[in-house]
Amino acid sequence: MSAIPSVDLQDFVSDNAERKEKFIKEIGSAFENIGFVALSGHFLSDDLVKNLYDEIKKFFDLPQEVKDTYEIEGIGGQRGYTSFGKEHAKGKKEGDLKEFWHFGQYVQDDAKLEAEYPDNVQVKELPTFNTVGKETYQMLEKTAKYVLRALAIHLNLEETYFDDYIKNGNSILRPIHYPPITSEPKNAVRAAAHGDINLITLLMGAHGRGLQVKNHEGEWVDAIARPDQLMINVGDMLSRLTNNKLKSTIHQVVNPPKELWGTSRYSIPFFMHPVGDMPLNCLENCVDDAHPKQFEDITAGEFLHERLIELGLIKA
């Protein structure tokens, strides 16, 4: 496959059975073959998208000493600010050429999880930053819920199979700033080749070149969405759960051509995570003689912990 397929979520949420079936077939096929789709018909308004970009640009433009006050020790970067070059891809020593912020879950009716998750970090210099971040988080979470319902049907599960696992899940909204490049990077790119940890990722800001996806033939394919689309991909948790029926695809953000080094790039992924005790044991209906079980049993929380150590965000 040499291009990223496009799908429209409004087909799935319509009352038309044929449109719903069309969406399930299209996204299921895309996630089995390349692991990525460009999705329109989501729940983000144009105004909300504009407001979020305005707020994150204001944050990343703050003086470094101000941003540094929002880097919280001891929580593996799960909330607040992570400074430039701190994170690296699995198996890489060089830090990625980026800085980022994390908004986390807004827990409802679960005191245990409320105590377990770190608090969201309030930016006092920007009075609407956290409000806009929360609204975006919740609209992306709603979008992800319907995508997972479609995938559940594709996998011959109950449509609401994922609902209880993702309610109050450990999901992360990550506005990323790739600053202008001022000198020749030594073996470093804006985001080195990697697979995502989570169930699915919903990416805002995949407009223009930079994001590349490795297809099954080992070729890098440019992943470019329209301004009204989100790029959505399978994460490693969903790949494990489905015994690699749905593919977690390696992707990267390459450095721009030299004439564009002086420009910033912004992207905003939403990493949809379940609650930590969700079992990621391979689904029985994804295992047979032709497709033997490929992964050991593990919970989502255990798997996340392993991967955060590999990424250098927490110490073993």
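The legends below describe close-up views of a predicted model.

**View 1. Helix α2 and its length.** Helix α2 comprises the 17 residues 17-33, and because a rise of 1.5 Å a residue should give a span of 24 Å, the 24 Å between its end C-alpha atoms agrees with that expectation. At the N-terminal end of α2, N16 acts as the cap, with a side-chain oxygen placed 2.9 Å from the backbone nitrogen of E18. Beyond the helix comes G35, whose phi is positive, near 85°.

**View 2. The buried and exposed sides of α2.** The residues F23, I24, I27, G28, A30 and F31 of α2 are buried. They cover an arc of only 165° around the axis, and therefore lie on the same side of α2. An α-helix has 3.6 residues a turn, so residues three or four places apart point the same way. The buried residues of α2 pack against two helices, α1 (9-13) and α6 (129-154), and against the strands β1 (6-8), β2 (36-40) and β11 (230-234). On the face of α2 that is turned away from this buried side, the exposed residues E18 and K25 are found.

**View 3. Helix α3, its span and its two sides.** Helix α3, with the 15 residues 46-60, reaches 21 Å from its first C-alpha to its last, close to the 21 Å expected at 1.5 Å a residue. Buried in α3 are L48, L52, Y53, E55, I56, F59 and F60, a set that includes the acidic residue E55. Because the arc they cover around the axis is only 165°, these residues sit on the same side of α3. The other side of α3 carries D46, D47 and K50, which are exposed.

**View 4. D163 in helix α7.** D163 belongs to helix α7, which runs over residues 163-166. With a relative accessible area of 15%, D163 counts as buried, because the cut-off for that class is under 20%. When its neighbours within four places in sequence are left aside, D163 is in contact with K145 and R149.

**View 5. The cysteines C282 and C286.** A search of the whole structure finds zero disulfides. For C282, the closest cysteine sulfur is that of C286, and the 8.0 Å between them is too far for a bond, because a disulfide requires the two sulfur atoms to be within 2.5 Å. C286 is likewise in no disulfide, its nearest cysteine sulfur being that of C282. C282 is buried at 11% relative accessibility, and C286 is buried too, with a relative accessible area of 8%.

Technical notes:
Residues numbered from 1 in each chain as written. Predicted model: local features only at pLDDT ≥ 70, side-chain atom pairs only at ≥ 80, totals over all residues. Heavy atoms only, no water. Helix = DSSP H or I, 4+ residues; strand = E, 2+ residues; numbered from the N terminus. Expected span 1.5 Å × (residues − 1). Buried < 20%, exposed > 50% of the residue type's maximum accessible area, 1.4 Å probe, protein only. Arc of directions from axis to C-beta. Contact = heavy atoms within 4.5 Å. Polar contact = N/O pair within 3.5 Å; in protein donor to acceptor, adjacent residues only side chain to side chain.
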